[in-house]
Amino acid sequence: MNHQVAVTGLGVVAPHGDEPGALFEALLQGRSAIQPVFPDLPKPAAAATVAFDETRWFTKLQLAGVDRVSQLAVAAADLAMRDAGLAAGSADPERIGVFAGCGMGGAAALEAAYRGNGRVSPLTIPAFMPNAPAAHVAMRQGVQGPVLTYSVACASSSAAIAEAAKAVQRGEVDIAIAGGSEALIVPGVVVAWQAMQTLATFQPGEAGSAVRPFAADRSGFALGEGAAFLILESAERARARGARSYATLAGWGLSSDATHLTKPDAPGQARALRTALRLAGLQPRDVGYCNAHGTATRIGDVVERNALADVWGSDFDALRVSSTKALHGHMLGAAGAIEALITVLALHNRQLPPNAHCAQADAACPLNLVAPGDTAAPSLEAAISNSFAFGGTNSVLLFRRAA
């Protein structure tokens, strides 16, 4: 028996705060969390960082060997479980799973080791391993079912959510804690991304509007940090316990470009989009909003637009599109999770976050972009969230509005 997959809890620790409603309102208002970082670096850098008080979640003793990436994950997962009304002991721990995405692991631990003048903490390895966030979430929540980490660059947490949905659908778990975390705003990582020439350039005082997805003058993305988790369970189980359902995860699509490590491929992305639609039993015209991967790179935005246009065909002009990376930065391994959470809230509230900082759209990628102030979507019934990664992995999540 295939179960319908309900989203019953949302938890986030992000540059706009740790309350989903406040995050969504900030996005509706177009408030950017991107600001200058590391003024001592040779080139100007900007990122979206989290104001995080780890003492809310950890004692000083508990923090030993726990990298920031795991701290954020523990907090977001805990907030999601609380939001779902799942107290400790409310489910069989062997029937709960953690499905987490993380692209680069504990960057702060590695940075400290490199800069430690020969002093390296004996806890460096367990602190930076990419599966540490999932393990810490499992320990905090007492999870004894599957605890899995997916590391496929920018698609990591979207793929984790898709895999979690499969486990719920097939009845392998009763509850899935699904999402991801990333915390790599450290000088070494920022310099590495600058060397790749994918980060946005900006003039003094203009960091907040540096990321301009789909704009004619776009120049790249800014890094972000954070964590987001969704609680997934069968719709039957949610109804039986009287839980609120924000949305249903009706479809998902995973594909590989198999063409190039860093250059995206429209046919590969289109395959993932079609798979998600087919699994959900929907036609393109049924989906009214796309939270785009939209990294504001010269090549990536055009490729994504072409993939959407190919799949939507004559219905393409009706699909409203925005990339929220303009406001919260690119969280890499956590990007799919926070953008899935935002997509769920868009459906739940029937409001769409705008595509910020796009004064003039690129003629090479015409889209029906969500304009600031034009965020109402009173008839929205289905929406997708795209995550297209280095390595060629494409992940699409399709959500339907809860009945």
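1. In this note a helix is a DSSP run of H or I with at least four residues, a strand is a DSSP run of E with at least two, and both are numbered from the N terminus. The structure discussed is a predicted model.

2. The main subject is a sheet of eleven strands, which is open and has mixed pairing. Its strands follow the order 5-4-6-8-1-9-14-13-10-11-12. Strand 5 (147–150) and strand 12 (368–369) are the edge strands, each pairing on one side only. Helix 10 (residues 298–312) packs on this sheet, where it touches strand 10 (289–291) and strand 13 (382–388). The direction of helix 10 makes about 140 degrees with that of strand 13.

3. Within the eleven-strand sheet, strand 1 (residues 5–13) is joined to strand 9 (residues 247–256) by two bridges, in the antiparallel sense. A reader who wishes to locate this pairing may look for Ala6, which stands opposite Thr248 of strand 9.

4. Strand 13 deserves separate attention. Seven of its seven residues are buried, so the strand is largely enclosed by the rest of the structure. Both of its faces are covered. On one side the buried residues are Ala382, Ile384, Asn386 and Phe388; on the other they are Ala383, Ser385 and Ser387.

5. The partners of strand 13 include strand 10 and strand 14. With strand 10 the pairing is parallel and extends over three bridges, and Cys290 stands opposite Ile384 of strand 13. With strand 14 (residues 393–401) the pairing is antiparallel and comprises seven bridges, and here Ser387 faces Ser395 of strand 14. Strands 13 and 14 form a hairpin with four residues between them. In the turn of that hairpin, Gly391 has a positive phi of about 95 degrees.

6. A second point of assembly is the crossing of helix 6 (residues 156–169) with helix 12 (residues 335–349). The axes of these two helices come within 5 Å and cross at roughly 65 degrees. Helix 6 contributes Ser157, Ser158 and Ile161 to the contact, and these meet Ala335, Gly336, Ala337 and Ala340 of helix 12. By class, the residues of this contact divide into four nonpolar and three polar, with no charged residue.

7. A further open sheet consists of three strands in the order 2-3-7, and its pairing is also mixed. Strand 2 (34–37) and strand 7 (223–224) are its edge strands, each pairing on one side only. Strand 2 runs antiparallel to strand 3, and four bridges join them. Gln35 stands opposite Ala47 of strand 3 in this arrangement.

8. The largest pocket holds about 720 Å³ of space. It is lined by 42 residues, of which Gln197, Thr198, Leu199, Phe221 and Thr297 are the closest to its centre. The lining is made up of 18 nonpolar, 18 polar and six charged residues.

9. Which elements supply the lining of the largest pocket with at least two residues each? They are strand 3 (45–48), helix 7 (187–196) and helix 10. Helix 10 gives the largest share, five residues. Two of these elements have been met above: helix 10 also packs on the eleven-strand sheet, and strand 3 also pairs with strand 2.

Methods
Residues numbered from 1 in each chain as written. Predicted model: local features only at pLDDT ≥ 70, side-chain atom pairs only at ≥ 80, totals over all residues. Heavy atoms only, no water. Pairing = 2+ DSSP bridges. Contact = heavy atoms within 4.5 Å. Axes fitted to C-alpha atoms, helices over the stretch in contact; angles between N-to-C directions. Nonpolar A, V, L, I, M, F, W, Y, C, P; charged D, E, K, R; others polar. Buried < 20%, exposed > 50% of the residue type's maximum accessible area, 1.4 Å probe, protein only. 1 Å grid on protein atoms, 1.4 Å probe; cavity = no way out; pocket = protein on both sides within 12 Å on 5 of 7 lines; lining within 4 Å. Points joined across faces, edges and corners; volume = space filled by probe spheres on them.
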